[in-house]
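The report that follows looks at a few residues and at the charged pairs that join parts of a chain. Please keep the sequence and the structure in view while reading.

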Amino acid sequence: MSLQDTASSGVALWRLVADGIERGIADGRFAAGEKLPGEMEIAETYRVNRHTVRRALAALAERGLVRAERGSGTYVEAQKLAYPLRSRTRFSEIVGAGGREPRGQLIEASEDVASRELARELGVKTGARLVRIESVRFADRTPICVSTSWLSAELFPDAGAVFAATRSMTKLLAHYGVRDYRRGSTRITAGIVDATDAARLDLALGRPILVVDSTDVDPDGKPLVTKRSRFAAERVEFLVENG
């Protein structure tokens, strides 16, 4: 039965195109992280117009199977990243252990002042000067999370510039002489991505996210940095480890 015959039976053309691409992902013809053929090539393969192809790709993106990158093309989403939550949590180590390349990118660094909540988390006075760092973290080409981090401006002057150079919170802390640290507290909640984070994470507006509020401390328990990280829920699987 041809594509047109199947469509005439009541199944939308875009759904047939989407099903065909999904089968290609399932049987390995399109590998995780691989760029799909262009819209014109897909349209010619299935003998449909480009509008139908766009509808099919949008449906696959909504299901988390593919991801469109502006100006680049559409890529097969990788399998969910297994992300252990433990006392020593390091993004670069977790991503590297999964055979993928970790990368951090500074979005913005600015001055801030400690609210009552931030002061409590960082062990500083309300109104104390802070450094606020907005960043996005990748596994290969895929954005995994957007993070907002706060550090004491007194303890970590010019932290934004250091992060821009190192692109790693672990390396930033090491720059100031902190050789080891651990997770002091972690709280996880569910949410819906807003317009700003949707653009940064290459997610459709309204997709689910996992919000992780955490504070890292030195070996003596002194707070170093507190963070709010927003993870693309369809790209990670949190594993809570005891001990």
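A residue is called buried when its relative accessible area is under 20%, exposed when that area is over 50%, and partly exposed in between. The model shown here is a predicted one, and the terms just given are applied to it throughout.

**Three residues and their surroundings**

Tyr-83 has a relative accessible area of 4%, and because buried means under 20%, Tyr-83 is buried. Tyr-83 lies in strand 3, which covers residues 81-85. When neighbours within four places in sequence are left aside, Tyr-83 is in contact with Thr-89, Phe-91, Ile-94, Phe-231, Glu-237, Phe-238 and Leu-239. One of these partners, Phe-238, is 155 residues apart from Tyr-83 along the chain, yet the C-alpha atoms of the two are separated by 4.8 Å.

Arg-183 also counts as buried, with a relative accessibility of 12%, and is found in strand 7, residues 182-192. What does the side chain of Arg-183 make a polar contact with? The partner is the side chain of Asp-216, at 2.8 Å. Asp-216 also appears among the residues that Arg-183 touches, and the others are Arg-86, Ser-87, Thr-89, Ser-214, Thr-215 and Lys-227, where residues up to four places away in sequence are not counted.

Leu-65, by contrast, is partly exposed, because its relative accessible area is 23% and the range for that word begins where buried, under 20%, ends. Leu-65 is found in the loop between helix 4 (50-62) and strand 1 (66-69). Beyond its neighbours within four places in sequence, Leu-65 is in contact with Glu-22, Ile-25, Leu-60, Tyr-75, Val-76 and Glu-77. Glu-22 is 43 residues apart from Leu-65 along the chain, and the C-alpha atoms of this pair are separated by 7.8 Å.

**Salt bridges**

How many salt bridges does the structure hold? There are 24 salt bridges, and the table sets out three of them with their N to O distances.

| Acidic residue | Basic residue | Distance between N and O |
|---|---|---|
| Asp-180 | Arg-88 | 3.7 Å |
| Asp-197 | Arg-230 | 2.9 Å |
| Glu-234 | Arg-207 | 2.8 Å |

In the salt bridge between Asp-180 and Arg-88 the closest N and O atoms are 3.7 Å apart. This pair links distant parts of the chain, 92 residues apart, with Asp-180 in the loop between helix 8 (169-175) and strand 7, and Arg-88 in the loop between strand 3 and helix 5 (91-97). Asp-180 is partly exposed, with a relative accessible area of 38%, and Arg-88 is partly exposed as well, at 37%.

The side chains of Asp-197 and Arg-230 meet in a salt bridge. Asp-197 lies in helix 9 (residues 195-201) and Arg-230 in strand 9 (residues 223-232), so the pair ties together parts that are 33 residues apart in sequence. Are these two residues, Asp-197 and Arg-230, buried or exposed? Both Asp-197 and Arg-230 are buried.

Glu-234 and Arg-207 form a salt bridge through their side chains. Glu-234 sits in the loop between strand 9 and strand 10 (236-240), while Arg-207 sits in the loop between helix 9 and strand 8 (208-217), and the pair thereby links distant parts of the chain, 27 residues apart. Glu-234 and Arg-207 are both buried. Finally, salt bridges that share partners join Asp-112, Arg-132, Glu-134, Asp-197, Arg-200 and Arg-230 into one network.

Methods: Residues numbered from 1 in each chain as written. Predicted model: local features only at pLDDT ≥ 70, side-chain atom pairs only at ≥ 80, totals over all residues. Heavy atoms only, no water. Helix = DSSP H or I, 4+ residues; strand = E, 2+ residues; numbered from the N terminus. Buried < 20%, exposed > 50% of the residue type's maximum accessible area, 1.4 Å probe, protein only. Contact = heavy atoms within 4.5 Å. Polar contact = N/O pair within 3.5 Å; in protein donor to acceptor, adjacent residues only side chain to side chain. Salt bridge = Lys/Arg side-chain N within 4 Å of Asp/Glu carboxyl O.
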